[in-house]
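Here's a quick tour of one protein model and the ligand that comes with it. Have the structure open while you read.

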Amino acid sequence: MHIISLRDLSDSDLRAIVHRGAAFAADRTDHDEPLRGRIVGVYFSRTSTRTRTAFTTGALRLGAKVIAYGPGDLQTNTGETLQDTARVFGGMLDALVIRTAGSPDDMRTFAAHCGAVVNAMSADEHPTQALADLTTLQVHFGRVEDLRVVYVGEGNNTAAALALALPRFAGTHLDLRTPAGYGLDPALLAEAAALADRHGSRISERHDLTDLPQDADVVYTTRWQTTGTSKPDPDWRTVFAPFQVNAALMDTFPKAVFLHDLPAHRGEDVTADVLEGPRSIAFTQARHKLHSAMAVLEWCLPR
Ligand code: CP
């Protein structure tokens, strides 16, 4: 079974993975090595600290053996097609965890030949980040339902994944505040709004920081240069500057915790006092990437 997009998960699958991730957070040893005898390939053509470590250690903890491939390792660099690479992987690996700069279509090519493919981040969506985020909410609040999340920053692949996941929990409100010109893809926003309609939740997007909901439970931001890539507009930092999460902004939300998918750039997307402050659970969120990865691998590789 594959998770290339959150669209690949039914509502019950989504809930099951979040709850299983929360169970692993309570006790990451509470399993009988369900992946024993399996081989998991971990192919990252882009940098990663958390996701790669989470899926590698998660697979090892669940009893699998792991082969890691970096950006310079495969014959795709010398011209072999993805199709041929996928056929070879499919004949040897039980699962492939993959991060690319390409489109999900590349991952579907692997999925055509491999039994289980997990998107560890593509240009348009970061599904396992959203699964870790929801696991973090489940652990911290004891529920995802009815939570109000204010997302401040670029409508990037992390925001896209959150928009495809959170509205599937009743009573939630995902309130996106994105710089003008850096919002969610309108088609994805419409898709998320339809999900919200179906599940009795809300999603909204604005390009300013007025009328913020004081009763927000969570403030979430991401780094401004996703995957370290620069932006064509030389003045983009001017556009992003008002969207920094700092103490003044956090004062607007007296009860909110702070989430960040990391890596953070202190002084840009978030100030150090917020990231290191008592309301930040960003590094706990990073730790839950392991627990969520274990739940994902267990779901993708049933016995
Ligand atoms: N949040 C996240 O995906 O971190 P990495 O890029 O370090 O994996």
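What follows is a walk through the ligand site, a few residues and some backbone details.

## The ligand site

First, a reminder that this is a predicted model. The ligand sits in the second largest pocket. Around the ligand you'll find Ser48, Thr49, Arg50, Thr51, Arg99, His126, Gln129, Asp261, Leu262 and Lys289.

Now for the polar atoms. An oxygen atom of the ligand lies 2.7 Å from a polar backbone atom of Thr49. On the nitrogen side, a ligand nitrogen comes to 2.9 Å from a polar backbone atom of Asp261. With Lys289 the partner is in the side chain: one of its N or O atoms is 3.3 Å from a ligand oxygen. How much of the ligand does the protein bury? Taken alone, the ligand exposes 250 Å², and the protein buries 93% of that.

## Arg99

Arg99 is one of the residues around the ligand, and its place in the fold is strand S3. Is Arg99 buried or exposed? Arg99 counts as buried because its relative accessibility is 6%, and the cut-off for buried is under 20%.

Leaving aside residues up to four places away in sequence, Arg99 touches Tyr43, Phe44, Ser45, Arg46, Thr47, Ser48, Thr51, Ala120, Met121 and His126. With Thr51 there is a polar contact, side chain to side chain, at 3.0 Å. Thr51 is also among the residues around the ligand. Then there's Val42: 57 residues separate it from Arg99 in sequence, while the C-alpha atoms are 8.6 Å apart in space.

## Helix H4 and its cover

Helix H4 runs over residues 104-111, and its buried residues are Met107, Thr109, Phe110 and Ala111. What covers those buried residues? The cover includes helix H3 (82-92), strand S3 (95-99) and strand S4 (117-119). Strand S3 is also where Arg99 is found.

## Ser201

Ser201 lies in the loop between helix H7 (186-199) and strand S7 (202-206). Despite that loop position, Ser201 is buried, because its relative accessible area is 10%, below the 20% cut-off.

Not counting residues up to four places away in sequence, Ser201 touches Pro167, Phe169, Gly171, Thr172 and Ala196. Pro167 comes up again for a polar contact: the Ser201 side chain reaches the Pro167 backbone oxygen at 2.5 Å.

## Backbone details worth a look

Start with the cis peptide bond between Leu262 and Pro263, where omega is about 5°. Leu262 is one of the residues around the ligand, and Pro263 is in the loop between strand S9 (257-260) and helix H10 (272-275).

Which phi values are positive in residues other than glycine? Glu33 is one case, with phi near 50°; Met121 is another, with phi near 130°. Glu33 is in the loop between helix H1 (11-26) and strand S1 (39-44), and counts as partly exposed because its relative accessibility is 33%. Met121 is found in the loop between S4 and helix H5 (127-141), and is buried, with a relative accessible area of 8%. Met121 is also among the residues that Arg99 touches.

Key: Residues numbered from 1 in each chain as written. Predicted model: local features only at pLDDT ≥ 70, side-chain atom pairs only at ≥ 80, totals over all residues. Heavy atoms only, no water. Buried < 20%, exposed > 50% of the residue type's maximum accessible area, 1.4 Å probe, protein only. Helix = DSSP H or I, 4+ residues; strand = E, 2+ residues; numbered from the N terminus. Contact = heavy atoms within 4.5 Å. Near = heavy atom within 4 Å. Polar contact = N/O pair within 3.5 Å; in protein donor to acceptor, adjacent residues only side chain to side chain. Areas by Shrake-Rupley, 256 points an atom, 1.4 Å probe, with all protein chains shown as cover. 1 Å grid on protein atoms, 1.4 Å probe; cavity = no way out; pocket = protein on both sides within 12 Å on 5 of 7 lines; lining within 4 Å. Sits in = over half its atoms within 2 Å of the grid points.
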